[in-house]
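Here are a few exercises to work through with the viewer open. Try each task yourself before you read its solution.

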Amino acid sequence: MSESVPPSPAFTSVDDVVTRLAEAGYLASDAVATTVFLADRLGKPLLVEGPAGVGKTELSRAVAAATGAELVRLQCYEGVDEARALYEWNHAKQLLRITAGHEETWDEARSDIFSEEFLLPRPLLTAIRRDEPTVLLIDETDKADVEIEGLLLEVLGDFQVTVPELGTITAARRPFVVLTSNATRELSEALRRRCLFLHVDFPDAELEQRIVRLKVPDLDEALAASLVRVVDALRHLGLRKSPSIAESIDWARTLVALGASTLDPEVVNDSLGVILKHTDDIAKARAKLDLPSILTPSAN
């Protein structure tokens, strides 16, 4: 088969990335927009690393929405194997076919049952075979076993996969590939070499406030600023799970639903379960948060 070629660039400039991602509901920093632009322009996979809840997965969804591409997602987990990531054969259907053709020789049956009709494509093969614009999300790559990286190296190195019974399948149109990692284990250097790297952390206060106001426009601006200050303070308490951006947004919606006009101690204590998900985290927050200091603008 002919070698795959990168598709025509989807973005014209870094500013174009910022604008179109914003239209898709994702406010990108300059670093994020620049790396997305380069990944698109160079046709390279993008490895996005950072703590849970900073918007790594949401970035891939926004890129798909901004470019009119289909999002194909491989969710990684311990034990995910080639059959779940790449393809497997429809064994039940193959058995029925063999039974129905009992008078055939094995060679005759084999040429039939190992054909397209009996192939079950999984996310990697699905993305490779698509002719339309595609964003391939390999989510939480660090949760997969080390062995799965060998498969990813073939796919991301040559944008092709080998099905022994059918041969090598090369992408006619390379997908835009995003790998995410929470850094729970170190990914191999070989895999990292094939990717552009982007580290995403929790946004600064100004950006997070813009994100919250974008997602919850009914939230008062002053209340949004107070919310962001409290969330930032929580993230510095050494909790088991720091509040994610999604949980900041959930808290903003909660405050709107409660009709809260200010973040007083009673409102905070009563709604901490929206942003904190462990009993010991809630207890630590109630014991250590100095709300009067945090909510006083001059303290920041």
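A salt bridge is a side-chain nitrogen of Lys or Arg within 4 Å of a carboxyl oxygen of Asp or Glu. This is a predicted model, where local features need pLDDT of at least 70, side-chain atom pairs count only at pLDDT 80 or more, and totals for chains, interfaces and linings use all residues. Residues are numbered from 1 along each chain as its sequence is written, and side-chain values use heavy atoms, with hydrogens and water left out.

**Exercise 1.** Find the salt-bridge partner of D16, and say how the pair is placed in its helix.

Solution. Start with the closest N and O atoms: those of D16 and R20 lie 3.0 Å apart, which gives a salt bridge. Next, look at the helix (a DSSP run of H or I, at least four residues; a strand is a run of E, at least two; both are numbered from the N terminus). D16 and R20 are four residues apart in helix α1, so about one helical turn separates them. Finally, check accessibility: D16 has a relative accessible area of 16% and is therefore buried (buried means under 20%, exposed over 50%, partly exposed in between, with a 1.4 Å probe and protein chains only).

**Exercise 2.** Which parts of the chain does the salt bridge between E49 and R192 link?

Solution. First, confirm the bridge: the side chains of E49 and R192 meet at 3.0 Å, N to O. Then locate the ends: E49 sits in strand β1 (residues 46-49) and R192 in helix α9 (residues 189-193), distant parts of the chain 143 residues apart. As for burial, E49 is buried at 10% relative accessible area, and R192 also counts as buried at 18%.

**Exercise 3.** Is K143, the salt-bridge partner of E140, buried or partly exposed?

Solution. Begin with the pair: the side chains of E140 and K143 form a salt bridge of 3.1 Å, N to O. E140 counts as buried, at 19% relative accessibility. K143, with a relative accessible area of 39%, is partly exposed. To widen the view, salt bridges that share partners join E49, E186 and R192 into one network, and a search of the whole structure finds 17 salt bridges.

**Exercise 4.** Describe the surroundings of T134, and begin with its place in the fold.

Solution. T134 lies in strand β5 (residues 134-139). With a relative accessible area of 6%, T134 is buried. For its neighbours, use contact (heavy atoms within 4.5 Å): leaving out residues up to four places away in sequence, T134 touches A69, E70, V72, A127, P175 and F176.
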